[in-house]
Amino acid sequence: MARINNSKQFALSLVFLAVILILINIISRSLFFRWDLTRGNIYSLSESSKSIISQLDDRMTARVFFSEDLPGEYVNSRRYLQDILEEYRAYSNGNFHFEFVNPDDHEKAKEEASGYRIPPVQLRVLENDKLEIKNVYMGLVLLYRDKKEVLPVIQTTEGLEYDLTAAIKKMLAKDLKTIGLIAGKGEGVKTHQLSQFLNQTYQVRPVSLNSPVPLDVDLVLMNGVMDSLSMDELYHMDQFLMRGGKLFLSQARQEAKVQEGMAESIASNIFSFLEHYGLTINPDIVIDKLCSQIQIQQRQGIFSFNNAVDYPPIPVIRRFNEESPIVSGLDEVRVFFPHEITASPDSGTFTPLMWTSKNSGSLAEGYFPAPSMGGNYTLRNGYNIYPVDNKQLQKFDKGPMIVAGLRTGSQTSFFADSSEYAEKEGFLAFTNDLNLLLITDNRFFDDTRAAGIPENTALILNAADVMTGDAELVSIRNRGIKVRPLKPEILTSDTSRNAWKWANIITPSLLVILFALYKVGQNRKKRRKLEEYYG
């Protein structure tokens, strides 16, 4: 090894070392690697994000308005945000830049954040041994040419990469695709939250079947109908499909009335319409032992209390078609009062997407005693979905059943043989590009029911991306889904379910205690040896 014998050599060595460090720093900005051992590499930028950020052909700036001195959990959010922005910059060919701004003590920065509609957020923080309310900033704005996209509040890292990449993709898009939404006439149906999610990457607007679906609408999401449609409404739906429009239909056979403990059949011509397209919704309600829980109020003496009970008419779907990008990355979906779909072999291609578990059953229509006011019972006709002491909901004698599927391929019009409609100007009698996705839940696009569940929202957004031919964001969205359920074959009974639950609760604490005992033993041995050595 060469030795440094004088001050000149020492100075040259320092300069040489500095040059090497600078070069390593420059190279590492574009050439780096990361070991991410998490499932799906959730702490690394996805290939889709890398592809989208590499499409920048002009300068994009992210101005991040983030306060300092945040509580610990939000400091982690800031650190993750900085890491991910570093990665975006590394893959942007020099076109992505970001800057953190602390508006806490700078009125001009506060005014700038306000101009971008980034509001201060109130957090409860512990300062000087006192719990105080503090206004902090945790938002960013992306600026690209004359466009801007704002993430006003970033409180968690969950889904952050998706939000950023979706915003960047929206700014790069020359023509956003359009989704039409038919909310339906059900009582209390809301679609505001779902529309907000869709608006991240699409233009969303309500449409009606009272008139032809506008030509610029690529996909229609439609909640189920409770009655027959007029022939004109069916005609507009049919011609939308004939011209290559995509339809994601949420339709069931029954209208469930949980408070009354029963479901009633829906009489509608939409079922014959679907049968023409090769899809039959069977009338019986599908039940599943693998199901959601609902809260019911029970009385014991003079006391009333809420109790959570398993509810088989709301299956938890964990079996998906792994070859379909719409559902392949999902862990679970919840459908309400679904039905089995049967596809006609004489029609085009049918791709099943979701099945219930092997412990499934079906609930048929019939007469049953329903509870009424005053603790009495009346005989009613319909589907008995009363959640307590209902033996009809405990019969799981069937295997997996299809509750969602995609019909594609060639198709003749429902009105091809109609002398009245087939003579209309512009009538289309045939298509080779049918795209009809059916899920047998009557309100799958309702925020207050199925669409309010994050996993269900992921399915809707995946379907929108795939059906409109823009599936880049699907892989990023699926990485953010956190449900990691145990396999159904492991949870074969309540005993095994409880055993796994308590094992998860006790095992981490037990490991810590065992490690502590091991360290105590090691310290005792060391102390004993020292005592022997020094007398």
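Buried here means under 20% relative accessible area. The legends below describe a predicted model.

**View 1. Helix H5 is mostly covered.** Helix H5 spans residues 160-172 and has 13 residues. Ten of those 13 residues are buried. Among them are Leu-160, Tyr-162, Leu-164, Ala-166 and Ile-168. The buried set also includes Glu-161, Thr-165 and Lys-169. From first C-alpha to last, H5 reaches 18 Å, close to the 18 Å expected at 1.5 Å a residue.

**View 2. Leu-164 of H5 belongs to the largest nonpolar core.** This core holds 84 residues. Leu-164 is one of the members that touch the most other members. Leu-81, Phe-96, Leu-142, Phe-248, Met-354 and Phe-444 are listed with it. Leaving aside residues up to four places away in sequence, Leu-164 touches Leu-81, Ile-84, Leu-85, Tyr-88, Leu-140, Leu-142 and Leu-151. A second, separate core has 35 residues. Val-207, Leu-229, Ile-281 and Trp-355 are included in that second core.

**View 3. Eight strands form an open sheet.** The order is E8-E7-E9-E10-E24-E23-E19-E16, and the pairing is mixed. Strand E8 (203-206) and strand E16 (319-320) are the edge strands. Each edge strand pairs on one side only.

**View 4. Strands E9 and E10 run parallel.** E9 covers residues 217-222, and E10 covers residues 246-250. Four bridges join the two strands. Leu-221 has Phe-248 in E10 as its bridge partner. Phe-248 also appears among the residues that touch the most other members of the 84-residue core.

**View 5. Met-262 is buried in strand E12.** Strand E12 runs over residues 262-265. Met-262 counts as buried because its relative accessibility is 1%, against a cut-off of under 20%. Beyond residues up to four places away in sequence, Met-262 touches Glu-255, Ala-256 and Lys-257, among others. Its contacts also include Phe-368, Arg-380, Asn-381, Gly-382, Tyr-383 and Ile-385. The C-alpha atoms of Met-262 and Glu-365 are separated by 10.0 Å, with their positions 103 residues apart along the chain counted as the distance apart.

**View 6. The close-ups are set in a protein chain of 535 residues.** The chain has eleven helices and 24 strands. Buried residues make up 42% of the chain. Along its principal axes, the C-alpha trace spans about 105 × 70 × 50 Å. Of the contacts between residues at least 6 apart in sequence, 70% join residues at least 24 apart. The chain exposes about 30,000 Å², and carbon and sulfur atoms supply 52% of that area.

Note on methods:
Residues numbered from 1 in each chain as written. Predicted model: local features only at pLDDT ≥ 70, side-chain atom pairs only at ≥ 80, totals over all residues. Heavy atoms only, no water. Buried < 20%, exposed > 50% of the residue type's maximum accessible area, 1.4 Å probe, protein only. Contact = heavy atoms within 4.5 Å. Pairing = 2+ DSSP bridges. Core = buried A, V, L, I, M, F, W, Y, C linked by side-chain atoms within 4.5 Å. Expected span 1.5 Å × (residues − 1). Areas by Shrake-Rupley, 256 points an atom, 1.4 Å probe, with all protein chains shown as cover.
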